[in-house]
Amino acid sequence: MVVNQRLLTLGIESSCDETGIGIYSSEDGLISHKLFSQIELHAEYGGVVPELASRDHIQRAVPLIKEALIDSNIRLEDLTGIAYTAGPGLSGALLVGGSIAQSLAWGLGIPALGVHHMEGHLLAPLLQSDQPQFPFIALLVSGGHTLLVEVTRIGEYKILGQSLDDAVGEAFDKTAKILGLGYPGGPALAKLANKGIEGRFNFPRPMTDRPGLDFSFSGLKTFARNTYINFPKEKANIAKAFEVAATETLTIKCRRALEQTGLKTLVVAGGVSANISLRSTLNAMAKKLDVDVFYPAHEFCTDNGAMIALAGHFRFLSGQRNDHYEISIKPRWSLEELQSV
Ligand code: KG4
Ligand code: ZN
């Protein structure tokens, strides 16, 4: 079933440490988005504290929804559907977004739908005018996931490879912690790496010496720790060696996935897709292979509500809905379990 009426979808993201709200219109695209990042709240603990994250989402979500409505000149009653992140993520945090979405939807008599956080990331490049065409390879790189996915169309995903241990964002964060940088470590490590000399240290490119598309990043962090113990004054060079090894490893596997499938389009999304060094290594590889690469706009690389509104929009558009108003979440959820649209 394809819906003809104008759709106005509210998206709510609360899977980890960002409360994100987006409003997506079938006529005008993304018309508003708001974000509150809990970085300061968790910084003193050096990582996300789940209970604190849930409590903060409770405080932030409704005021942000109000702001998004005011900004876009939309009344609550104009909404036609509400999408929320149902997983993967922290259970308590997901329950906050799910409860707010289902209660609002029930009150308004409109459907609410739980969407997959990584599908949101994967679709984020479709928020801009220059869009990738299906089918394509997606490299999803975040704090919780490192996935290489063959995307036939929305909802039809085949996982070609994934990390067997730490996600690449997690490895950035842990290495940053070892080097005494702040939380979240990814951007801080990237900044320090800019001051480092390439080639001073040579870190391994894990699992690139054997066939396959899986990843392993926990060894890089250990390599960084050992190097730091021996060379405590060379933080920037260690950050550089880590970043080069991580980005080259991702690029080698992307190249393999593109060659293996013969696809000519690559989408890169998730928090680590903001990394400049990764982008330039991938772009150089793609140029050689005559492949087009698409990234989300910088503000939509990391967690946000706009990508959840968009993912929900496509699903509502295809007639998917859930009128039971159950607060259902899936803290563990594979992209391959999704229904195609
Ligand atoms: O997608 P995201 O916001 O949240 C998850 O779904 O996990 O990704 C957050 C991750 C963190 O590990 C963060 O350190 C990393 O993305 N990140 C970066 C950069 N910006 C964010 N890693 C490397 N370089 C960056 N510029
Ligand atoms: Zn994310």
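**Exercise 1. The ligand shell**

How many residues surround ligand 1, and which are the closest? Work from the predicted model shown above, and then find the polar partners of the ligand.

*Solution.*
- Step 1: Start with the shell. Ligand 1 is surrounded by 17 residues, and the closest are G143, D173, G271, N275 and D303.
- Step 2: Look for helices in that shell. At least two residues come from each of α4 (117-123), α5 (168-178) and α6 (185-193). With 3 residues, α5 gives the most.
- Step 3: Now turn to the oxygen atoms of the ligand. One lies 2.8 Å from a backbone N or O atom of G143. A polar backbone atom of G144 is 3.4 Å from an oxygen atom of ligand 1. From the side chains, H121 brings a polar atom to 3.0 Å from an oxygen atom of the ligand.
- Step 4: Finish with the area. Ligand 1 taken alone exposes 560 Å², of which the protein buries 87%.

**Exercise 2. A histidine in α4**

Find H117 in helix α4. Is this residue buried or exposed, and which side chains make polar contacts with the side chain of H117?

*Solution.*
- Step 1: Compare the accessible area with the cut-off. Buried means under 20% relative accessible area; H117 has 6%, so it is buried.
- Step 2: Pick out the polar partners. The H117 side chain meets the side chain of E13 at 3.0 Å and that of S15 at 3.3 Å.
- Step 3: Widen the view to every contact beyond four places in sequence. Besides E13 and S15, the list for H117 holds T85, G87, P88, D303, M307 and I308. D303 is a name you have met before, as one of the closest residues to ligand 1.

**Exercise 3. A leucine in a loop**

Locate L79 and list what it touches beyond its sequence neighbours. Is L79 buried or exposed?

*Solution.*
- Step 1: Place the residue. L79 sits in the loop that runs between α2 (50-72) and β4 (81-87).
- Step 2: Check its accessibility. The relative accessible area is 2%, so L79 is buried.
- Step 3: Collect the contacts. Setting aside residues within four places in sequence, L79 touches L8, L10, I23, L69, I74 and I110.
- Step 4: Follow one partner. L10 in turn touches L79 along with others, including I21, I23, I65, L104 and A309, again not counting residues up to four places away.
- Step 5: Add a distance. From C-alpha to C-alpha, L79 and I21 are 13 Å apart, with their positions 58 residues apart in sequence.

**Exercise 4. Domains and cores**

Which domains make up the chain, and where does the largest nonpolar core lie with respect to them?

*Solution.*
- Step 1: Set the bounds. Domain 1 covers 8-123 + 301-337, and domain 2 covers 131-295.
- Step 2: Relate the two. Their C-alpha centres are 27 Å apart, and 21 residues of domain 1 are in contact with 23 residues of domain 2.
- Step 3: Trace the largest nonpolar core. Of its 53 residues, those touching the most other members are L10, I12, L122, L123, L140, Y157 and L335. The biggest contribution, 7 residues, comes from helix α10 (residues 306-317).
- Step 4: Draw the conclusion. Both domain 1 and domain 2 give residues to this core, so it lies between them.
- Step 5: Note the other core. Apart from the largest one lies a core of 43 residues, among them L148, L213, L289 and V291.

Definitions and conventions:
Residues numbered from 1 in each chain as written. Chains lettered and ligands numbered in written order. Predicted model: local features only at pLDDT ≥ 70, side-chain atom pairs only at ≥ 80, totals over all residues. Heavy atoms only, no water. Helix = DSSP H or I, 4+ residues; strand = E, 2+ residues; numbered from the N terminus. Buried < 20%, exposed > 50% of the residue type's maximum accessible area, 1.4 Å probe, protein only. Contact = heavy atoms within 4.5 Å. Core = buried A, V, L, I, M, F, W, Y, C linked by side-chain atoms within 4.5 Å. Domains from an automatic or database assignment. Near = heavy atom within 4 Å. Polar contact = N/O pair within 3.5 Å; in protein donor to acceptor, adjacent residues only side chain to side chain. Areas by Shrake-Rupley, 256 points an atom, 1.4 Å probe, with all protein chains shown as cover.
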